Amino acid sequence: MRKTLTLAAGVAGGFAARYVHLPLPWLLGSLVTIMALSLAGAPVRLIPWGRPAGTVVVGASTGLQFTAAVVAKLVTLLPLIIAAAFLSTIVGAIGGLLYMRLTGVDRVTAFFATVPGGVVETTNIAPLYGGRLEPIMVAQTTRVALIVVFAPFLVVSFAGSGVQNPLLAVPVVPWLPVLALLAVSAMVAALLSRTRSPNAWLMAPLFIAGAVSHLGWMDGRL
């Protein structure tokens, strides 16, 4: 019952954030709502299947954007992408040293708490190397939340309010193909999660959806 109420509160927070036109309302609205309830002492409960289910959706949604044109562009930008990833990892590692000194957490936890990456990715990989989840989730969630909250307003300030998101022009995929994609992705991810495959719940749907989109079998967005 408490898990159901927790989920309902998160959905309500998403609707409220969407109503006031916050960026990423379903993420920030539910995040702020559940965080506020938890800090107030409400009996919120972790939903066991929530994180993998949400990760499958995020992976499939991202993978559908890997059309043939996008893949070709990524190939040309691959050296720059690798260099940027390498540089950002070094900067994150330096930040990890500072975080370790300031908080007293261990080196592995500090690294995964400060390295640029998604909350889901870092919390999935960190336990494999002995990192503690709580400090990592707090640091990464705070970082992502700050970026998500402030970046859209900065973009509007520099580019102007008339700029439209080009993704909105892409047609939405019908429900039936989406459900089939999510079902296949979830099954493959569940099988891979039984191995030591890092972040199977995200990478399996991402690659499956990317292949489907690249081959032209499914066109659109979630």
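L74 is partly exposed, with a relative accessible area of 32%; partly exposed lies between buried, under 20%, and exposed, over 50%, with a 1.4 Å probe and protein chains only. This leucine sits in helix α4, helices being DSSP runs of H or I with at least four residues, numbered from the N terminus.

Please keep in mind that this is a predicted model, in which local features need pLDDT of at least 70 and side-chain atom pairs count only at pLDDT 80 or more, while totals for chains, interfaces and linings use all residues. Residues are numbered from 1 along each chain as its sequence is written, and side-chain values use heavy atoms, leaving out hydrogens and water.

The predictor's confidence, pLDDT, runs from 0 to 100 for each residue. Its average over the protein chain is 85, and 94% of the residues score at least 70. Helix α5 (residues 78-103) has the highest mean, 92, and helix α7 (residues 119-125) the lowest, 77.

Now let's turn inward. The largest nonpolar core has 10 residues, among them V56, L64, V173, V178 and M218; such a core is a set of buried Ala, Val, Leu, Ile, Met, Phe, Trp, Tyr and Cys residues joined through side-chain atoms within 4.5 Å. Helices α3 (50-63), α9 (175-193) and α10 (200-214) each supply at least two of its residues, and α9 gives the most, with 3. A second, separate core of 5 residues includes F112, A113, I136 and A139. As a general matter, nonpolar side chains in soluble globular proteins tend to be buried together.
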